[in-house]
Every structure is written in C-alpha cells, then in structure tokens.
Amino acid sequence: MLGVFSIEIVTPPEELVAAGDRSPSPRTTALALMKRYINSNPSSVSIRIGDQVHLAYSRHNESLLQPRSFGVKDDIFCLFEGMLDNLGSLRQQYGLAKCADEVMLVIEAYKALRDRAPYPPSHVVGHLTGNFAFLVFDKSTSTLFVASDQSGRVPLYWGITADGFVAFSDDAEMLKSACGKSIASFPQGCFFSTTVGEIRSYENPKNKIIAIPAPDEQIWGATFKVEGPAVVLARE
C-alpha cells in the first residue's frame with residue numbers, strides 16, 4: 001500500500017528532513033513514486049484526492065496472513081494491511097454487521113475519536129489486537145491518522161519525496177527510490193495524528209518518541225523509538 005500527502009496535510013518530521021540533508025541521495029517526486037507503484041503492482045487501485053493526497057493499494061504478492069484492503073465511508077478513506085484477532089468483539093462494540101471487515105472497523109473507531117470528544121487517540125488503536133498497519137485520511141477535516149501494531153509484524157515505512165510530500169508504504173525499497181535517506185521505519189506500537197501533531201506510543205502515550213540518527217551505512221535516515229532508559233543512553 002502507498003499513501004502520499006502534501007505539506008498542507010502533513011508537516012515532514014524534522015529528523016527525516018535532516019537525514020536527507022545530512023546524506024544527500026537521489027530522490028524523485030511523489031507523482032513519480034505513485035506511477036512506479038502502479039506500474040509495479042498489477043491490478044492496483046489508486047485514488048487521488050485533490051492535489052494533496054494520493055492513495056493506492058494492490059493485492060499483488062500479499063501475504064495470506066497480512067491481506068491488504070481499502071475502504072471509504074463518509075469521506076473517510078482507509079488503507080489497511082493485516083488482520084485483527086478481536087474483530088468479532090469489536091464489531092459488537094461498534095454496532096457493526098457481522099460482515100464488516102477491518103477497514104470498516106477502523107473507520108468507525110476513527111469516527112469515535114473525531115466525534116466523541118474527549119476521546120484519547122490512543123484508544124483508537126489501544127484496543128485493537130492482531131498484526132496490522134493502517135492509514136486513515138478524513139477528507140472533511142484534512143486529518144491523517146496512521147498506526148502500526150505493537151509487534152511490528154506488518155511493515156510500515158515513511159519518508160519524504162523530492163517535492164516534500166510525506167509518503168507511507170509497506171515497501172521499503174519502493175519508498176527508498178523516491179525518498180533516499182529521508183526514510184525511516186514507522187515505530188511499532190505507535191500512532192501519528194495530524195491533530196496531535198506528533199508520533200505517540202499508544203501503550204505509553206505520555207512517553208516521548210525519540211529519533212536517533214542512523215549510521216551512514218544504513219538505508220534509514222533515523223530510527224524512531226519510545227523514550228526510555230535504553231533509548232536515552234543510545235541517544236547520548
């Protein structure tokens with residue numbers, strides 16, 4: 001899956017910007033990245049939302065245990081990869097039909113966050129059990145919500161393209177071709193919300209997320225980790 005968002009939607013993380021400046025490498029535009037994704041993935045589906053957002057996914061070479069899916073409801077768009085172990089109980093919790101899949105569940109969970117204030121963002125993902133990564137874009141509010149499960153079994157990466165778009169994908173090599181060193185693995189057990197304006201751990205939402213510059217020989221520009229004694233030591 002692939003989602004690219006303009007600077008009007010997402011402010012690029014300073015750590016990824018700095019990584020790209022520190023170790024300059026070839027990069028391409030968001031449009032070139034999207035075209036490459038579509039050309040490399042047969043039967044891919046893509047949706048463009050104005051000039052600010054472009055989403056795409058394909059089931060080409062997907063894992064049986066980590067299927068990719070896409071859905072939209074009430075101008076809320078969702079790309080989802082993985083499976084929820086507690087989908088049945090969550091359907092009951094949100095009053096959904098038995099046929100509702102993970103995408104519809106995540107959209108309903110996001111709507112609860114948006115419409116039932118105060119509702120901590122960590123609750124949207126904190127009660128999800130399974131292996132997953134997803135992107136939610138709310139067209140009505142131009143809000144982006146991104147999350148990865150605690151085990152990190154479903155890969156998710158983000159980076160900055162040559163024209164400043166922030167891109168998210170499960171394909172590191174695809175992203176690296178467009179983002180160069182301005183790329184990082186999205187931290188497991190964390191969420192990013194443009195409403196909150198930063199990455200947070202949904203298990204320890206009060207702990208800061210620290211970006212540690214990566215060595216030059218790594219493909220990553222930085223590594224994001226939840227703050228703790230070991231992380232602080234590594235940073236020093």
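**Close-up views of a predicted model**

D138 is a buried residue, with a relative accessible area of 0%. That makes a handy starting point for these close-ups, which come from a predicted model.

**View 1. D138 reaches R114 through a salt bridge.** The closest N and O atoms of D138 and R114 sit 3.0 Å apart. D138 belongs to strand β6 and R114 to helix α4, so this salt bridge ties together parts of the chain that are 24 residues apart in sequence. The partners differ in cover: D138 is buried at 0%, while R114 is partly exposed, at 31% relative accessible area.

**View 2. K111 pairs up with D74.** Here the closest N and O atoms of the salt bridge are 2.9 Å apart. K111 is found in helix α4 (residues 102-115) and D74 in the loop between β4 (68-73) and β5, so the two tie together parts 37 residues apart in sequence. K111 counts as buried, at 16% relative accessibility, because the cut-off for buried is under 20%. D74 is partly exposed, at 48%.

**View 3. R200 and E198 meet in a salt bridge.** Their side chains come together at 3.0 Å, N to O. Both ends are in the partly exposed range: R200 has a relative accessibility of 28%, and E198 has 39%. Elsewhere, salt bridges with shared partners make one network out of K73, D74, E108 and K111, so the K111–D74 pair of View 2 is worth seeing again with K73 and E108 in the frame. For the whole structure, the tally is 9 salt bridges.

**View 4. F5 and F137 make a tilted aromatic pair.** The model has 13 aromatic pairs, and in this one the ring centres are 6.1 Å apart, with 45° between the planes. Why does the pair count as tilted? An angle under 30 degrees would be stacked and one over 60 edge-to-face, so the rest, this pair included, is tilted. F5 comes from strand β1 (residues 2-5) and F137 from strand β6 (residues 130-138), so the rings tie together parts that are 132 residues apart in sequence. Both rings belong to buried residues, F5 at 0% relative accessibility and F137 at 3%. Zoom out a little and ring pairs link F5 and F137 with W158, F168, F186, F192 and F224 in a cluster.

**View 5. F168 sits among the best-connected members of the largest nonpolar core.** This core has 46 residues, and F5, W158, F168 and F186 are the ones that touch the most other members. Its largest share, 5 residues, comes from helix α6 (residues 172-179). What does F168 touch, leaving aside residues up to four places away in sequence? The list runs through M1, L2, G3 and F5, then L135, L144 and V146, and on to L156, Y157, W158 and F186. Another core lies apart from this one; it has 25 residues, including L90, L105, A112 and A147.

**View 6. L64, L65 and M83 make a nonpolar patch on the surface.** The patch covers about 370 Å². M83 is part of strand β5 (residues 76-84) and is partly exposed, with a relative accessible area of 37%.

Definitions and conventions:
Residues numbered from 1 in each chain as written. Predicted model: local features only at pLDDT ≥ 70, side-chain atom pairs only at ≥ 80, totals over all residues. Heavy atoms only, no water. Phe/Tyr/Trp six-rings, centres within 6.5 Å; stacked < 30°, edge-to-face > 60°. Helix = DSSP H or I, 4+ residues; strand = E, 2+ residues; numbered from the N terminus. Buried < 20%, exposed > 50% of the residue type's maximum accessible area, 1.4 Å probe, protein only. Patch = residues over 30% accessible without salt bridge, like charges linked within 9 Å, V, L, I, M, F, W, Y side chains within 5 Å. Areas by Shrake-Rupley, 256 points an atom, 1.4 Å probe, with all protein chains shown as cover. Salt bridge = Lys/Arg side-chain N within 4 Å of Asp/Glu carboxyl O. Core = buried A, V, L, I, M, F, W, Y, C linked by side-chain atoms within 4.5 Å. Contact = heavy atoms within 4.5 Å.
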